[in-house]
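Let's take a friendly walk through this fold together. Please bring up the sequence and the model side by side.

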Amino acid sequence: QVQLVESGGGLVQAGGSLRLSCAASGSIFKIDAMNWYRQAPGKQRELVAAITSDGKPKYADSVKGRFTISRDNAKNTVDLQMNSLKPEDTSVYYCNARIVMRFPRLESDYWGQGTQVTVSS
């Protein structure tokens with residue numbers, strides 16, 4: 001089986017920074033895209049940042065210039081550095097990855113359990 005485990009959420013004042021981390025473990029053959037989503041109460045889950053297996057990032061317009069996504073393919077991890085945080089960034093943040101298992105050789109989407117980020121004004 002495959003598991004994604006997130007860490008790094010918390011409470012921060014507006015203008016502050018947080019770093020989220022996500023580690024994939026289990027019977028992994030390869031990992032394609034790795035992504036961070038967020039979902040605020042009463043809102044749809046939205047893609048915040050994505051990174052391809054060869055390290056190409058893309059960002060939602062709302063976080064460009066403030067958030068940076070990175071990954072370590074050797075460790076099967078993806079991080080999200082969040083700077084200049086705003087109250088509207090308050091959400092539960094989810095790690096997502098497209099992973100091919102070793103046996104059987106199946107590709108599926110996997111999700112972490114979510115980590116709360118709260119930005120106070």
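We start with one strand, then move to its neighbours, the core and the disulfide.

A word on the ground rules: this is a predicted model, in which local features need pLDDT of at least 70 and side-chain atom pairs count only at pLDDT 80 or more, while totals for chains, interfaces and linings use all residues. Residues are numbered from 1 along each chain as its sequence is written, and side-chain values use heavy atoms, with hydrogens and water left out.

Find strand 8, residues 77-82. Strands here are DSSP runs (E, at least two residues), numbered from the N terminus. Six of the six residues in strand 8 are buried, where buried means under 20% relative accessible area with a 1.4 Å probe, counting protein chains only. In a regular strand the side chains alternate between the two faces of the sheet. In strand 8, Thr77, Asp79 and Gln81 point one way, and Val78, Leu80 and Met82 point the other way.

Now look to the neighbours of strand 8. Two strands pair if DSSP finds at least two bridges between them. Strand 3 (residues 18-26) pairs with strand 8 in the antiparallel sense over six bridges, and Ala23 stands opposite Thr77. Strand 7 (residues 67-72) also pairs with strand 8 in the antiparallel sense, over six bridges, with Thr68 as the bridge partner of Gln81. Strands 7 and 8 form a hairpin with four residues between them. In that turn, Asn76 has a positive phi of about 55 degrees.

Next comes the interior. A nonpolar core is a set of buried Ala, Val, Leu, Ile, Met, Phe, Trp, Tyr and Cys residues joined through side-chain atoms within 4.5 Å. The largest one has 30 residues, and Leu80 and Met82 of strand 8 are among those with the most contacts inside it, a group that includes Trp36, Tyr93 and Ile99. Elements giving two or more residues to this core include strand 3, strand 7 and strand 8. Strand 9 gives the most, with five residues.

Where does the disulfide sit? A search of the whole structure finds one, a disulfide being a pair of cysteine sulfur atoms within 2.5 Å. Cys22 and Cys95 form it, with their sulfur atoms 2.1 Å apart. The pair links distant parts of the chain, Cys22 in strand 3 and Cys95 in strand 9, 73 residues apart. The torsion about the S-S bond is about -80 degrees, so this disulfide is left-handed. Cys22 counts as buried because its relative accessibility is 2%, and Cys95 is buried too, at 0%.

How values were computed
Buried < 20%, exposed > 50% of the residue type's maximum accessible area, 1.4 Å probe, protein only.
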